[in-house]
Amino acid sequence: MSLDKISEYQKAFDERHFKNWNESADKLEFLQSMVVALVGEIGEFANVVKKAVREKKTLGNEVSGEVLGKLREELTDCFIYIVILANRLGMDLEKEYYRKMKVNEKRFEKYRVG
Ligand SMILES: [Mg+2]
């Protein structure tokens, strides 16, 4: 699925589930709510890592399947909030990703190993 399709799918989901709240919410209040939710999901991701390290849930240098599943779920939650924020900002996330990566290619040129 392309980012365009993901963006449209998320918009449709949000309209079905949060339409009234979205319309009544101030744009900055909406952004505030969503960024707090995003940071919360990042915290959930970090907590999985923290517990995995503390409980040594690793297989050699690899992350165990249980932990990997939780990490993927939390990272997906983060992505959902990023898509919601991008939609609210009217961003083409794919286009902006490639634009920013061009900047990063120059910025990180000195660290290039291959
Ligand atoms: Mg979560």
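1. Leu85, in this predicted model, lies in helix 3 and, once residues up to four places away in sequence are set aside, touches Leu31, Met34, Val35 and Leu38. For one of these partners, Leu38, the C-alpha to C-alpha distance from Leu85 is 9.3 Å, although 47 residues separate the two in sequence. Leu85 nevertheless counts as partly exposed, because 17 C-beta neighbours lie inside 10 Å, where 20 or more would be needed for a buried residue.

2. The contacts of Leu85 belong to the meeting of helix 2 with helix 3, in which Phe30, Leu31, Met34, Val35, Ala37, Leu38, Glu41, Ile42, Glu44, Phe45, Val48 and Ala52 of helix 2 face a set from helix 3 that includes Val67, Leu71, Leu75, Cys78, Tyr81, Ile82, Leu85 and Arg88. Sorted by class, this contact comprises 18 nonpolar and six charged residues, with no polar ones.

3. As for geometry, the axes of helix 2 (residues 27–54) and helix 3 (residues 65–88) come within 9 Å of each other and cross at roughly 165°. Since angles over 145 degrees are classed as roughly antiparallel, helix 2 and helix 3 are therefore roughly antiparallel to each other. The crossing of helix 2 past helix 3 is left-handed.

4. Met91 sits in the loop between helix 3 and helix 4, and its contacts, leaving aside neighbours within four places in sequence, are with Ala86 and Glu96. The C-alpha atoms of Met91 and Ser7 are separated by 9.6 Å, with these positions 84 residues apart along the chain. Met91 counts as partly exposed because it has 15 C-beta neighbours inside 10 Å.

5. Turning to the chain overall, four helices and two strands are assigned, and from the N terminus on they follow the order α-α-β-β-α-α. Of the 114 residues, 4% count as buried. Among contacts in the protein chain with a separation of 6 or more, 72% come from residues 24 or more positions apart.

6. On confidence, the mean pLDDT of the protein chain is 89, and 89% of its residues reach 70 or more. Confidence is highest in helix 4 (residues 93–107), at a mean of 96, and lowest in strand 1 (residues 58–59), at a mean of 60.

Conventions
Residues are numbered from 1 along each chain as its sequence is written. This is a predicted model: local features need pLDDT of at least 70, side-chain atom pairs count only at pLDDT 80 or more; totals for chains, interfaces and linings use all residues. A residue is buried if 20 or more other C-beta atoms lie within 10 Å of its own, exposed if 12 or fewer, and partly exposed in between; C-beta atoms are placed from the backbone. Two residues are in contact if their C-beta atoms, placed from the backbone, lie within 7 Å. pLDDT is the predictor's confidence in each residue, from 0 to 100. Axes are lines fitted to C-alpha atoms, for helices over the stretch in contact, and angles run from 0 to 180 degrees between N-to-C directions. Angles under 35 degrees count as roughly parallel, over 145 as roughly antiparallel, 65 to 115 as roughly perpendicular and the rest as oblique. A crossing is left-handed if the near helix is turned anticlockwise from the far one by less than a right angle, and right-handed if clockwise. Ala, Val, Leu, Ile, Met, Phe, Trp, Tyr, Cys and Pro count as nonpolar, Asp, Glu, Lys and Arg as charged, and the others, Gly among them, as polar.
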